[in-house]
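Me: I'm new to this structure and would like a close look at one side chain and the pairing it takes part in. Please start there, then lead me on through related spots.

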Amino acid sequence: MIGGILPKKDPPMPSPSLPNEYAVELTPPDISAYREGNTGIPYIWRFEGSQPGPHAMISAIVHGNEPAGAIALDWLMQRDFRPARGTLTLAFMNIAAYEAFDPADPNATRWVDEDFNRVWARDVLEGDRDSVELRRAREVQPAVAAADRLLDIHTMQHLAPPVMIAGTRPKGVALAREIGVPRIVISDAGHAAGVRMRDHGAFDDASSDASACLIECGQHWEASAGTLAKDATARFLVALGMAGDDLVAEAGGEKPEPQVFFDVTEAVTIEQGFTFAQPFTGGEIIENAGTLLGHDGDRAVVTPYDECMLVMPSKRLWPGQTAVRLARRTT
Ligand SMILES: [Zn+2]
């Protein structure tokens, strides 16, 4: 580079590694056969149905240590699934982090340089910062923006009930209803640390009908997370008229329960350093307002209302990150 300015590379986050108390039951599938893609973007595959219809994307491994989504996409690829209508894009996202996965230190490969799911604001994508994750996000962004229905498959740090994250718009909740699993659906506005892929562009634009859902299928490595990833994938494709009910039967999921709906009312964003008052894992409904959740430095953080649900308490308790989010049941 002649007289050029090197892109800024502020190491935005510490290593994601954490002590691990959970068994690694799932084996991340070898996805190297999918490297070439058929879209000009590595690991991004697109298939056309014979009839017109929506453009759906199913995305996996936004976080490198979450193999459930890769299991679902590998299942569709292995059985040569083709949509009955519309366009289907299958996207393996954070390849570098996924390839580094080590079951002996399974939290260390959530990302390489930074969280791939916090870089989706336009000014960040179009800015001059550089990281492994930003390079990949810039590479896949056209494919993400081309989709008008997104199912983004994730899993969680703790053993806790699966949840669907529907974003801020009613259209996200409507998509969650159409998919029909899991039982708990949460409307939310994301994290102070940065915009998620599911909130990128048209997905969070009230004037567009593009909609997205992010499913958290359970603990990262529990066997049932792989089954739910396949089940939700099948139900998403059936809801969009791209697959028949036989795909749901083949996925082997459990019978769906009636859904319940919550709104995230606030995120506890860490200012100094956070410690939880109890070993919360998520999904707990705390009966009484004023119950101590933890301390941020010296500041006590308490439940603001009765029947307050804890959404995905984190173990990565650094300033600027979300410690936990608080949600209230709506219907
Ligand atoms: Zn994730």
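What does E250 count as at its relative accessibility: buried, partly exposed or exposed?

Reply: E250 counts as partly exposed, at 38% relative accessibility. In these terms, buried is under 20% relative accessible area, exposed is over 50%, and partly exposed is in between, using a 1.4 Å probe and protein chains only.

Two notes before we go on. This is a predicted model, in which local features need pLDDT of at least 70 and side-chain atom pairs count only at pLDDT 80 or more, while totals for chains, interfaces and linings use all residues. Residues are numbered from 1 along each chain as its sequence is written, and side-chain values use heavy atoms, with hydrogens and water left out.

Now to the partner of E250. Its side chain meets that of R79 in a salt bridge, with 2.8 Å from N to O; the term stands for a side-chain nitrogen of Lys or Arg within 4 Å of a carboxyl oxygen of Asp or Glu. Because R79 sits in the loop between helix 1 (68-78) and strand 3 (85-92), while E250 belongs to helix 7 (residues 245-251), this pair ties together parts that are 171 residues apart in sequence. Helices (H or I, at least four residues) and strands (E, at least two) are DSSP runs, numbered from the N terminus. Like its partner, R79 is partly exposed, with a relative accessible area of 31%.

The R79–E250 pair has company, since the structure holds 15 salt bridges. Let's visit two others.

One of them brings together the side chains of D204 and R169, at 3.4 Å from N to O. This pair, too, links distant parts of the chain, 35 residues apart. D204 is found in the loop between strand 6 (184-187) and strand 7 (211-219), and R169 in the loop between strand 5 (163-167) and helix 5 (170-179). Both ends count as partly exposed: D204 has a relative accessibility of 25%, and R169 has 28%.

The next stop is the salt bridge between the side chains of D188 and R196, at 2.6 Å from N to O. Here the setting is buried: D188 has a relative accessible area of 3%, and R196 is also at 3%. The pair does not stand alone, as salt bridges with shared partners join D188, R196, R198, D199 and R325 into one network.

For a last stop, look at another buried residue, H154, in strand 4 (residues 149-156). Its relative accessibility is 2%. Two polar contacts of its side chain can be pointed out. One, of 3.2 Å, goes to the side chain of H63; the other, of 2.7 Å, goes to the side chain of D152. A polar contact is a pair of N or O atoms within 3.5 Å; within protein, one must be able to donate a hydrogen and the other to accept it, and residues adjacent in sequence count only if both atoms are side-chain atoms.

What else does H154 touch, not counting residues up to four places away in sequence? Besides H63, the list holds V62, E66, N117, L214, I215, E216 and C217, where contact means heavy atoms within 4.5 Å.

To return to where you began: E250 is partly exposed, and its side chain pairs with that of R79 in a salt bridge.
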